[in-house]
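Work through the exercises below with the sequence and the coordinates side by side, and attempt each task before reading its solution.

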Amino acid sequence: MCFATQEAKAQDRPIVQVSGLIMNADSTQSIPGVHIFNPASGRGDISDYKGWFSRAFLAGDSLVVSAIGFKNLRLIVPDDVGDHWTVIFSMEEEITQLDDVEVNPFPTEELFKEAILAMNLTNDQENIINNFSPEVIQELIRTTPLTASPSSNYRYMLNQQYDNLRYGAGPRSNPLLNPFAWGQFIKSLKKKKKR
């Protein structure tokens, strides 16, 4: 019976299309990605990249407008505005002061070296250091193919990006109809015959 009375109360309230622009309080700059949320119904919206939003709520709904770096706004949808309410929300910045962090606690380089040398390593850390002895690294360099170098991986990535840009706007060309591809193929065949 309690649910029926709540539904009846909700149906008695008119629907209001709330549209608005969310601005920074101390400037004329809009704020994108702001959450406009009704905690009672669990529904809401997010402002677009220009700071604009539009969503239907019931008159009397309590809304929370929140964004990272700004103070939350709480407001109630008025019931005397008709079926459409356009508003500009101005949000105040919320400045959070963090504690100071000491980046370098060592006054000299010598004290830093002493602290590093006196540091005790865990078994996992010692295993990692021992597994990467100079002999192991030299063996990896000797057996790793040249195609696995960072420069070739970078070149491959650039070629993939180029192909995506080239073929993204239209159909791919058929290499069988390309005379230059046929010329390269015939040259490679002649080179193989000479060997």
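Two exercises follow, on aromatic pairs and on a helix.

This is a predicted model, in which local features need pLDDT of at least 70 and side-chain atom pairs count only at pLDDT 80 or more, while totals for chains, interfaces and linings use all residues. Residues are numbered from 1 along each chain as its sequence is written, and side-chain values use heavy atoms, with hydrogens and water left out.

**Exercise 1.** Determine how many aromatic pairs the structure holds, and classify the pair of Phe-53 and Phe-89.

Solution. Rings of Phe, Tyr and Trp (its six-membered ring) pair if their centres lie within 6.5 Å, and planes under 30 degrees apart count as stacked, over 60 as edge-to-face and the rest as tilted. The structure holds 2 aromatic pairs. In one of them, the ring centres of Phe-53 and Phe-89 are 5.8 Å apart and the planes meet at 15°, so the pair is stacked. This pair links distant parts of the chain, since Phe-53 belongs to strand β4 and Phe-89 to strand β7 (residues 84–91), 36 residues apart. Both Phe-53 and Phe-89 are buried (under 20% relative accessible area, against over 50% for exposed and in between for partly exposed, with a 1.4 Å probe and protein chains only).

**Exercise 2.** Compare the expected span of helix α6 with the distance between its end C-alpha atoms, and establish how many of its residues are buried.

Solution. The expected span is 1.5 Å times one less than the number of residues. For the 16 residues of α6 (residues 179–194) this gives 22 Å, and the end C-alpha atoms are 23 Å apart, which agrees. The helix is hardly covered, with a count of 0 buried residues.

Methods:
Helices (H or I, at least four residues) and strands (E, at least two) are DSSP runs, numbered from the N terminus.
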